[in-house]
Structures are given as C-alpha cells and as structure tokens.
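Please look through the structure shown here, with attention to model confidence, strand pairing and helix packing.

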Amino acid sequence: MTPLLQVEALTRHYGGVRAVDGVSFTLAEGEVRALIGPNGAGKSTCFALLSGLERPDRGRIRFAGHDITGLSPQRILRLGLARTFQIPAIFPSLDLADNLRVALLGRTRRTLAPWPPARRLASAEIDELLRLVGLAERRHQPAGTLAYGDRKRLELAMALAHRPRLLLLDEPTAGMALSERFALIDQLLAIVRARGLTVLFTEHDMDVVFRIAETVMVMDRGRLVAVGPPAAIRADARVREVYLGGSLADEASGEPREASS
Amino acid sequence: MGFYLVQFLTGLASASSLFLTAAGLTLVFGVTRIVNFAHGTFYMLGAYFAWALVMALGTGPLGYWGALVLAALAVALLGVLVEVVLLRRIYGAPEIFQLATTFGLALVLADGVRFVFGPADRLGPRPPGLEGAVVLLGEPIPTYDLFLVAVGPLVLLLLWLLSRHTRLGILIRAAAEDREMAAALGVDERRLFTAVFALGAFLAGLGGALQLPRETLHLEMDLEVIAEVFVVTVMGGMGSVPGAFLAAVLIRELEAFGILLLPRITLVLAFLLLAAVLVVRPQGLLGEREGEVRADPRLLRPLTPMTAPTRFLVLLLLLALALLPLYAPPYALILTGDIAVFALYAASLHLLLAPAGLVSFGHAAYFGLGAYGAALAVQLGGFATLPALAAGLLLAAVGALLFGAVARRLAGVDFAMLSLAFAAILWGVAVQWDEVTGGDDGLLGIWPEAWLSAPAAWYGLTLLLVVAGLALLRLLVFAPFGLALRAVRDHPRRAATLGLHPERQRWAALVVAGALAGLAGALQTFAKGSVFPDVLAIPRSVEGLVAVLLGGLHQLGGPVVGAAAFVLLEDWAARLPWWRAVVGGTVLVVTVLMPEGLMGTLARLGRPLVRLAREGRR
C-alpha cells in the first residue's frame, strides 16, 4: 500500500539558517506519529511547509496520491490535510458556533454567499462537532473569552469540520493543566480511532508523546536525527544528546522542555 | 540632448523636497508606528513660515538662508508641542484612531494657517546668489534647481551619518527594529519619540521651506503633498529612508519625462508605477517584509443582530421618514435626503472599517466615481435618471475592482495610505481632464427627469434606494459572506488553512462597499444638479470616516447615527468661516475622548437603565 504522506528531502532556508534541512519520511494511513525536538529544531516550519503556508526551497511532498509541493493552503486542505496551530488560532469576535460555521463555509466554498443568514446553516453538524470536543454548552459564547485549553479544543473541532484524512497538530496540549491534557488526549484518541484518521503531532510533554504515539521522530537543527517506536527513542543515545544531556526520564516526569534548555 | 539632461535634472531637483518630507514621515513611522496625516501640514507650515521670515529678515543671504532654517526649526518646535500634547495620548490606541486623530489635527492646523496668513496665494522671492540660470548643452536651468539636486543626496547622507554615529540614531534604529526590546533595555521612550517627531517635523518644514522660490504658496499644499508623500513612502517601503529617496527620484523622473508623452496623466503614471512595484514587492522597494498584519484585538468585537424593541423603533423611524413629505417643509426634505445619502456612504465605508478590518482613507474615490459616472451617463450618453444611477454605481464598482487588484495584498497602514493616494489621483484626473469632467467648473444641469423632479418624489426615491442599500449591507454582514469576512479579519492565516481566501474576501467587500458608495455619489449628483471635483477630494473621505467614528465603530447603526449628527453639525458649521477647525476638532474630541462613539456611549449609559428595568420587572 502506498503511504498517505511521502516527504522527500524537504528543505527551507531563512537567510543563512536552514530551518528544515533535507527531511524525508513517510506516514501510513491510520498512523499516529509524534515529531519532537528542542525549540527551534524546525518542527513548526515543517508543519508550515506541509500545510502550504510556506513554500519549500527544495524537496517533494506527496499526499494521498497528489504532489502537493508548493500548493496553496486551501488546495492542500481540500485534499484532506487539516492542521491546528501552536498558539491556538481562532476567530475571537465570533461565537463558538460561528467559528465552526466558518470552517464549514470553507469546506462548502460558500464564503461569498449573501443568503441565507449564516446562523441558519448547518446547526446540527456544528452541535455534533462541539459535543465531540466538549464545548456544546458554550456555543453562543464569543471565542475570544475562552480559556487557553478550550481554544485548543475549539481549534481541533475546526480542523475536524473539514473531515480530513491527515491531521497536523502543533502541540495540542501546550498551556493546559495536567489533568486537562490527558482528558483531551483521550478524547482525541477516541475521535482518531472512530474516524480512522492519520495524525502527525508535535509535543513537548513526553508523557503525552509516549502515551499516544506509535512512532516518534526526533528533529534537531532542521534534520531528522531518529525515527522509531517510543521505547527505542527513549533509549537512543543521539536523542539524549539532542536534549542537551538531559535524560528523557526527566522529560517523562512532565517537566517542560524549555526549563532545561 | 541638452533638453533631456535639463529635464532629468529638474526631476532630481523636485525630488529633493519630496524626499525630505517623505523621510520625515517614514522616520516617525519607523519609531512610533504612527502615520502622521498632519505631516503635509508641517510641509505647508514650513513654506509659509519661511515666507514670513524672509519678509521679516530681508532677502540678504543671511536673512534668506537663515529664514529657511528658522522656519524648519519653528515647525520642529510645533512638532514637539503636538507630540507632547496630543500624540502621547494615542500611542496605545488602535491604528484607525491614530490615523483619524492626526487627520483631525491636519484640519485644525490648516484653518490655523488660513487664519494667520489669509487665503491669498504667496510667491516667495528668489534666493540671493542663486537667482540666475546655468546653460547646460545649450539649455538653461535655474541655478537654484542645481542646488536642490545636491540637497537630496546631502540630506540622505546626513541622515545616514546620524543613524550610524549618534546616540539618537542608534536609538532610532533600535526602536525601529524592536520597540519592546528597546524599551526593555532602558531607552527613554517618551524622550525618543519626542525627538524623532521633532526631527520628522523639521524635515517636512525644511522640505516646504526649500520650495519657497519654486512654488506658489497656497492653502491646499498640505493635501497635495501628503498624497504624493504617501505614494513615495509606500513605494520606498515604510520606515526606509533610502527607499523614500529612491521612490521620490523615480516618481519625479517619471513625471518629468511622462509630461512629454502624456501631459495630462502624470499622476496616474505615478500610481501605476506604485502598483507595479507592489505587485513585485508588497513591502516596497527597500522595505522589510513584515509579518502578517493583524487587526488590533481591541477592535474585534462581536456583532449582535437587532433586538426586537430596536427593530420596532427602526420601523417606526422609517415610517416617520416615509411620511415626511406630508408634514415637513421642503427644506427638511432636502436636509433629510442629504443625511440619507451620507448615511449610505458612511455605512458602505463601515463595511470596510469594521467587518473587513480595512482602514480606508480614500472612500471618496467611489463616491466620486459614482457621482461623475451618473453625470457623464446623462451628459454624454443621454441616459434616463434610473439607468444613470446604475451607471454611477457600476463605475464605482469597477474602480473598486481595479483598486482591489493592487491593494488586496495590503492591510493596515499601507492600505490606508494607498487608498488615500488612489482617491487623490482620481481627484487629479477630475481636475485635469476638463474636456470630459469640466475640470474645476464641474458638470452642471444634471437634474432628475420630470416624474422625479418634485422634491417629494426625489426624496422618496432617495429614501427607497438608501434603505435598500443599508438593508443589503446588514444582510451581507450576517450572511456567509460577512461571517467569512469577519473571520478573515480576525485571523487571516487560520482562515486560509480553513479553505477561505482572505485576499478574495477582502476584494469582494471592497467592490460591494465601492458600489454602494457609488450609488450614494450618483444620488448626490441628481440632488444637487451638478458635480465638482470635491466629491473625490480628501475632505470627503475624512467626512465618511468621521461619521463612522462619531456614530460608533462597533455598531452597525453607528454610521447612520454618525451621518445624521455630522450632516447636522456641518449644516450649522458651514455658516462659520472656520468649519474645518470645527470638523477637525470634532474628530479630535471623538477619537481621543470618546472612542466608542455616540452609539457606544449611549449603549454604555443605557446599560444601567436596562438593568434597572429588568430588576423592576422581577
């Protein structure tokens, strides 16, 4: 079976800095994979390249049988690749239902329609999505008033509204309380299994990484330095080195990565 | 050959004063992030001060050159006053309020100049020692022009030395690079801002003073130069002094040679050059690429549909307005019609300002295109009244479509400045192309056909079309179109990764807003029976902005309330000689003291009453 995502020698420079430097990997349908590495390793740039927000200087990206290298974010989304952002990106002046409605308008390409009034559109589907992430009671609250963790949930629902095949999640639990993290992760896993989604996520919390990832990739200074199952990554000497000698056992205790770098 | 050389040098000479003025604006922007609309007024003040000082000190070499420098220093002093008294209050405010505040200031200062110097044009004397002309390859060129050719690069060099080798220069660069970092490192921001503003004002004042022997001084100098300065700073790249130099030279050379080929459309050429530059480099020739421009979070407010009691009140008001011809005198019909037309104009601008988050300072472009479109449809095409109104609307929509093709990639101050320049250029076309537009004399005798000519009939049609336009705007804001537009404003990257097209969405909003502003302009042409270039002029753009801010930016009803208040204020102030100062003063009061506008203030005052009423019911 051909993989869902195929990345070959992906490269992106900013001036003299190689943010992403010859990264290659494949992702099979239904896989849940983590992308870890210290700050500035190139994880977010990688996501920006995959989702079309930045154009690669070199390399190829194939997704679901299409060459998506350099395509616009809108085209890539349409092929079934949706994403969330590290700092949750929502529409603060719109209520939660309207935030999802915007996502659905993007899917149905009705963004120029003058009629009918937007609030008459797709209420059932919106309620369903909000229930999925546990925000159904707040559907009329402006999104700008949400707490950080709830913004992350809302963003996840917006990405799911597009019925993607591949989800890119940039630190899905960053900024959340510990108890909240695992609640969200369990919800996420349930959705992923129910829908047969493929997930690539970055994360600083190693507990989260080892709990849900089937495979872990490690990035450092723009390059992939290790790929393997969680247990092997935990034991990998190069990975320890990347994390400045700090043992991954410390990571597993939930200490945020930034604290030691 | 000599002719072309002289033409080239003349271009360089006139680039110098433009560069000085633009350099001042761009320096101030780099550090304070404020685009100062009163910068053109500083230029005008420099010229008038220089004239007065030369008259006082005499035309000896010391008196003359001393007067030029003293004039620039006086403008710098005024700049310090303005910065300390006014600008310090608005550094933290959202962009639109900063822009509007300096605009209000420009109006007040312009009336100040009118009050002190009077409306008569002034001609400066020739500079001592540089009165004559030099012959180059058989062609004469004024010696003073050669002097100016040297001034531009000299000032560029001095500013470069200042930025590399003085403490002030290093602080300016640090603050322009990263304001928060500079503040965190202990840079005294207040003193730095004052110093930079003084330097910017000095450069504008000097730019104006140097024009003394070349240009007749008149009271519209401020608005003429500010449009050109905006084109130069956007083309050069916001905050880039060398970019401003390059752009000033390019534009002046284009004019110097363009005038040989197409004498009437030199202004249009400058705009086309700018458009070409922006297509290739959106950040300008030497500007730095900025991160994504995001709307100010404080401006991202939820929109709420009308409540049932409000809807009832609005219907009642509409009924009263529809029946107005039965009980009101004709003058009231005309005034109410004016308010209605202005309300449509302001509401169409509001679509850009609030739901689209685009600060347009050139909305008069579409009002004017509509006004001229209707008038020309009657005069050249022999159109009946209703088709002529449609033609006005269509022409404005086409104008918005074309402007959008250039400006859809821009946001924030770049969009504001470019929109002002676009309107200024259309104004220039209306004044210069007099075979078609009648120039300053305008087009006269454009009245509605017989069945619409009775005041009550015209009032009825106006009310009908305006209410339809306002209803359409309200419908659109709550439709998928408006929802997507607000999403694009709130977070363009998020919108793009949800399948929306931010540029296309903004562009569509621009066309809708342009078309409805055009309808307002077309209606005004028939109401007044004539059209003059002032429908395209900068004050018309400001008036729309004032109406929106006066009424309240955050309510859909704001522009309508603001338009009514503004037309009534103007109707009263028009009898005063200092109406500009009155209007400008109103802007200052609203933006600095009452940023929520009438509707917002009313809503705030009303909230305790509503709560009381609710508690009373329980």
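The paragraphs below take up confidence in chain A, then a hairpin in that chain, then a helix pair in chain B.

This is a predicted model. The mean pLDDT of chain A is 88, and 93% of its residues score at least 70. Residues 246-261 of chain A have a pLDDT below 50. In the model, this stretch makes 25 contacts beyond near neighbours in sequence.

Earlier in chain A, strand 9 (residues 215-220) and strand 10 (residues 223-228) run antiparallel and are joined by five bridges. One of the residues to follow here is A:Val218, whose bridge partner in strand 10 of chain A is A:Ala226. The two strands form a hairpin with two residues between them. In this hairpin, A:Arg221 adopts a positive phi near 45 degrees.

In chain B, the elements to compare are helix 9 (residues 221-236) and helix 17 (residues 412-432), whose axes lie 9 Å apart and which pack at an angle of about 135 degrees. Because of this angle, helix 9 of chain B is oblique to helix 17 of chain B. Their crossing is left-handed.

Which residues make up the contact of helix 9 of chain B with helix 17 of chain B? Helix 9 of chain B contributes B:Ala227, B:Phe230, B:Val231, B:Thr233 and B:Val234. They meet B:Asp414, B:Met417, B:Leu418, B:Leu420, B:Ala421 and B:Ala424 of helix 17 of chain B. By class, nine residues in this contact are nonpolar, one is polar and one is charged.

Key
Residues numbered from 1 in each chain as written. Chains lettered and ligands numbered in written order. Predicted model: local features only at pLDDT ≥ 70, side-chain atom pairs only at ≥ 80, totals over all residues. Pairing = 2+ DSSP bridges. Helix = DSSP H or I, 4+ residues; strand = E, 2+ residues; numbered from the N terminus. pLDDT = per-residue confidence, 0-100. Contact = placed C-beta atoms within 7 Å. Axes fitted to C-alpha atoms, helices over the stretch in contact; angles between N-to-C directions. Parallel < 35°, antiparallel > 145°, perpendicular 65-115°, else oblique. Left-handed = near helix turned anticlockwise from the far one by under 90°. Nonpolar A, V, L, I, M, F, W, Y, C, P; charged D, E, K, R; others polar.
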